[in-house]
Amino acid sequence: MSDELVKRVDALIGRQEGPRAKGEVPVLTEIVSEEKSPRRAVDNAALEALARELERAVLERLGPEIDRLIAERLAGTLSSVLGKELEGVRSQLTVSVSQMVREAVAASVARALATSKE
């Protein structure tokens with residue numbers, strides 16, 4: 001290959017020295033043979049391994065961000081659901097306590113009235 005390159009450089013220099021070469025810019029080109037050996041196809045096992053490695057790398061980089069987003073959404077949802085549930089429990093307790101107080105007051109009044117009649 002170096003002999004071929006030397007021949008091309010010599011030809012270029014010779015062309016520049018000739019009378020027709022005035023004003024031309026010398027160019028060194030390489031002729032590429034189209035008879036290159038065909039590229040070997042990548043087998044399916046290698047593609048699968050590459051796909052698994054790429055998936056692992058992407059998940060490794062996105063994992064912390066996904067965890068953060070899930071935690072935020074879960075916290076928001078839990079807060080909302082818990083708030084609604086607590087409000088429901090508070091309402092039920094208010095009704096229950098009010099009813100218990102009403103019944104206790106009514107029983108006390110009834111006892112007080114019964115002892116005053118005697």
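1. Let's start with E72. At 46% relative accessibility this residue counts as partly exposed, because the partly exposed class runs between the 20% and 50% cut-offs. Keep in mind that we're looking at a predicted model here. The side chain of E72 meets that of R68 in a salt bridge, at 2.4 Å from N to O. R68 and E72 are four residues apart in helix 2, so about one helical turn separates them.

2. R68 has a second partner to check. E65 forms a salt bridge with R68 too, and the closest N and O atoms are 2.4 Å apart. In sequence terms, E65 and R68 sit three residues apart in helix 2, which again means a separation of about one helical turn. As for accessibility, E65 comes out at 37% relative accessible area and is partly exposed. R68 is also partly exposed, with a value of 38%.

3. Now for E53 and R56. These two form a salt bridge whose closest N and O atoms are 2.5 Å apart. Both lie in helix 2, three residues from each other, or about one turn of the helix. E53 is partly exposed at 41% relative accessibility, and R56 is partly exposed with a relative accessible area of 41%.

4. How many salt bridges does a search of the whole structure find? The search turns up five. Those described above include E53 with R56, E65 with R68 and R68 with E72. On top of that, salt bridges with shared partners tie E53, R56 and E60 into one network.

5. Next, the nonpolar side of things. Which residues form a nonpolar patch on the surface? They are L54, V58, L59, L62, I66, I70, L74 and L78, and together they have about 730 Å² of accessible area. One of them, L78, lies in helix 2, which covers residues 44–117. That is the helix that also holds E53 and R56, as well as R68 and E72.

6. Finally, the overall picture. The protein has two helices and zero strands. Of its 118 residues, 3% are buried; for that label, the relative accessible area has to be under 20%. The exposed area adds up to about 11,200 Å², with carbon and sulfur atoms supplying 61% of it. So on the surface of this predicted model you have a nonpolar patch running from L54 to L78 in the list above, plus salt-bridge partners such as E65 that count as partly exposed.

Note on methods. Residues are numbered from 1 along each chain as its sequence is written. This is a predicted model: local features need pLDDT of at least 70, side-chain atom pairs count only at pLDDT 80 or more; totals for chains, interfaces and linings use all residues. Side-chain values use heavy atoms; hydrogens and water are left out. Buried means under 20% relative accessible area, exposed over 50%, partly exposed in between (1.4 Å probe, protein chains only). Accessible areas come from the Shrake-Rupley method with a 1.4 Å probe; for residues, only the protein chains shown count as cover. Patches are made of residues with over 30% relative accessible area and no salt bridge: like charges are joined within 9 Å, nonpolar side chains (Val, Leu, Ile, Met, Phe, Trp, Tyr) within 5 Å. A salt bridge is a side-chain nitrogen of Lys or Arg within 4 Å of a carboxyl oxygen of Asp or Glu.
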